[in-house]
Each structure stands twice: as structure tokens, then as C-alpha cells.
Amino acid sequence: MNKYVHGYSSHESNRLHDQADSLADLLHYDSIWEEDSIILEAGCGIGAQTKIIAPKNLSSKFVSIDISLKSLEQANTNKINNVEFQQADIFELPFEDEYFDHIFLSYLLEHIPNPVDALIRLKKVLKKEGTITVIEGDHGSTYFHPDSDIAKKAIQCQVELQKQNGGDANIGRKLYPLLSQSGFKDIKVSPRQVYVDDSNPDWVEGFTKNTFTAMIKGISKEAISKNLIGKKEIEKGIKHLNRTAEGGGTFCYTFFKGIGTKD
Ligand SMILES: C[S@@+](CC[C@H](N)C(=O)[O-])C[C@H]1O[C@@H](n2cnc3c(N)ncnc32)[C@H](O)[C@@H]1O
């Protein structure tokens, strides 16, 4: 288990909820499975996605697992009828082989050093012809106006810290090869681009400020303590990121949603 996993502090919880809420339509307009499915949500965290996908699939049953009891306790406060939250490790899944009709996971593979191993283990508990849906971001897809080298350096600190903890903040672009190496067929990956300007104040607040810039703010102390960047520099980087959420600024980021089928 890696030391750095999103979702443990209240700052991170708020950030994950903001991210999920502001991106709900872009990422989940097609998160619909056939009626009466049994769906495993792996690494549900505080249930930020659960509360969006479960109500869209009311006749289906979700088993939403996470390794963190603390996150699950928070997830449980959402009280969604068709969801059962359970503590479990994706590397030691307590389910029979081929138990689930479908599997869903988001922002989990980016934190583990062995994503193919994780996908292969998940595939075991998936029925034949069942699908796996994976959503990940890719920090390399970030660009904005006004441009700023110091803001890019601050973002790179997050990429570096995640790497030091065995993760990969640029994993979105690798979803196709990862699903393919794990033996899934009929893989389709769709990029979902967030483009934010003044005409969409909800995304300015919900994504640029409260999701992305909040994430970089959240790693400031660790980045400084590991000598990746100076205090003044990262503060300036964050200021420049905030500038993209002020009048006339724009911000772009691409998420990737991959779907594969078990043979
Ligand atoms: C960044 S959070 C994402 C949470 C949620 N999927 C979302 O989109 O908001 C990653 C989650 O994966 C969980 N996790 C990490 N390793 C795990 C493992 N081996 N088994 C189960 N859950 C794990 C963490 O506890 C954390 O809640």
C-alpha cells in the first residue's frame, strides 16, 4: 500500500467530491450498465463516484470496496440503497471467480506500482463477456492561459511525488496498453477533455480552483520538504494556476475512460 493515496485528509475528501460533481456529466453520461447487473466498484474511496453512478443504475447492485476503513465510513454516509460498501484489497479479492457482471474503477491505477497485476486480479472476478471501465487523468495533458513555466514546475512536483510513491500521474494515455496487456478485448478508450473558461463558472470553481489547483496546493509542503521546489516558487506557481481561473484565463485537462471486455 502506498503512503500517498488521495482521499485520506478532509482537504482531499472535499477535493474528490468537487472533482466528481463538476465532472459528472462529462465522465458518466455513459456509465450505464444493463439492468440487474452486479457491479464491483474497486477503490471507491469516500464514494465520490459511487453517489453518481449508483443512482444512474438503480436496478443494479454495486459492491463498492476500498482498502481504507476511514474512507468507507465516509462513503457510507451517502446512504445509497443499491450499494454495499465493503473493506477489501484489490490484490486479495474476497469474491468467487467470475462473480461480477461488470467492474468500475477510477483514479486507482495511478497510485499503484503494478496496474497490470491489479487489472488481472480484477479480471478473475469478472464474468466472461463482462466489462471493466477505468477512468484516469493524465497531468501531461494540462495546458492553460496565461501560460506559466513556474505553474508547470509546480504541477511537475505532483508528478514526481506520485512517481516516488510508485504511482503514475500520467497514466491516462496508457490505459489502452494496460488493458491490452491484462488480456481484455474490444478495448475502447475515449479522451474526455475538460476545457474551462469564464463562460462556465461552475467548472472554474469546481475544476480549475477546487480540483486541480487544490491538488497542487495539497502537495506543496511535501514538495518543499523533498527539495523539489522552493516555498516562494510553489506559491508563485499556485498563484499562476489561480490566474487561469480569473477573468480571461482558460484551463485544459484530459481524462481518459477505457472500457475492455473479458474473453
Ligand atoms: C484517489 S482515490 C479514488 C477514489 C474514488 N475511486 C474516486 O474516484 O473518488 C484511490 C482509492 O483507492 C484505494 N486503494 C488503493 N489501493 C487499494 C487496494 N490495494 N485495494 C483497494 N483499494 C485501494 C484508496 O484507499 C483510495 O480510496
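The legends below describe close-up views of a predicted model.

**View 1. The open sheet and its edges.**
The sheet is open and is built from 7 strands, in the order S3-S2-S1-S4-S5-S7-S6, with mixed pairing. Strand S3 (83-87) and strand S6 (185-196) are at the edges; each has a single partner strand, so one side of each lacks a neighbour in the sheet. From one strand to the next, the twist averages 20°.

**View 2. Strands S1, S2 and S3.**
Strand S1 (residues 38-42) and S2 run parallel and are joined by 5 bridges. Within this pairing, Ile38 has Lys61 in S2 as its bridge partner. Strand S2 (residues 61-66) also runs parallel to S3, again through 5 bridges. Here Phe62 has Val83 of S3 as its bridge partner, and Ile65 stands opposite Gln86 in S3. Strand S2 is mostly covered, with 5 of its 6 residues buried.

**View 3. Helix H7 against the sheet.**
Helix H7 (residues 201-218) lies across three strands: S5 (126-145), S6 and S7 (250-261). The helix runs at about 105° to S6. Of the strands it crosses, S6 stands at an edge of the sheet.

**View 4. Surroundings of Ile135.**
Ile135 belongs to strand S5. Its relative accessibility is 0%, which is under the 20% limit, so Ile135 counts as buried. Apart from neighbours within four places in sequence, Ile135 is in contact with Leu27 and His28, with Phe104, Leu105, Ser106 and Tyr107, and with Phe256 and Lys257. Among these contacts, Ser106 is a residue of strand S4 (residues 100-106). Glu222 is 87 residues from Ile135 along the chain, and 26 Å separates the C-alpha atoms of the two.

**View 5. Surroundings of Ser106.**
Ser106 is placed in strand S4 (residues 100-106). The residue is buried, with 8% relative accessible area. When neighbours within four places in sequence are left aside, the contacts of Ser106 are Gly43, Gln49, Ile135 and Glu136. Two residues of this view, Gly43 and Ser106, are also among those that come nearest to the ligand.

**View 6. The ligand and the residues around it.**
Around the ligand there are 20 residues, of which Gly43, Asp66, Asp89, Ile90 and Ser106 come nearest. Nitrogen atoms of the ligand have polar partners in Ile67, Asp89 and Ile90. For Asp89, a polar side-chain atom lies 2.9 Å from a ligand nitrogen. For Ile67, the partner is a polar backbone atom, at 3.3 Å from a ligand nitrogen. For Ile90, a backbone N or O atom is 3.0 Å from a nitrogen atom of the ligand. The ligand taken alone exposes 600 Å², and the protein buries 98% of that.

**View 7. Surroundings of Thr261.**
Where in the sheet is Thr261 found? Thr261 is in strand S7, which has S5 and S6 on either side in the strand order. With a relative accessibility of 11%, Thr261 counts as buried. Not counting residues up to four places away in sequence, Thr261 touches Glu129, Gly130 and Thr131, as well as Phe184, Lys185 and Asp186.

Notes:
Residues are numbered from 1 along each chain as its sequence is written. This is a predicted model: local features need pLDDT of at least 70, side-chain atom pairs count only at pLDDT 80 or more; totals for chains, interfaces and linings use all residues. Side-chain values use heavy atoms; hydrogens and water are left out. Two strands pair if DSSP finds at least two bridges between them. Helices (H or I, at least four residues) and strands (E, at least two) are DSSP runs, numbered from the N terminus. Axes are lines fitted to C-alpha atoms, for helices over the stretch in contact, and angles run from 0 to 180 degrees between N-to-C directions. Contact means heavy atoms within 4.5 Å. Buried means under 20% relative accessible area, exposed over 50%, partly exposed in between (1.4 Å probe, protein chains only). A residue is near a molecule or strand if one of its heavy atoms lies within 4 Å of it. A polar contact is a pair of N or O atoms within 3.5 Å; within protein, one must be able to donate a hydrogen and the other to accept it, and residues adjacent in sequence count only if both atoms are side-chain atoms. Accessible areas come from the Shrake-Rupley method with a 1.4 Å probe; for residues, only the protein chains shown count as cover.
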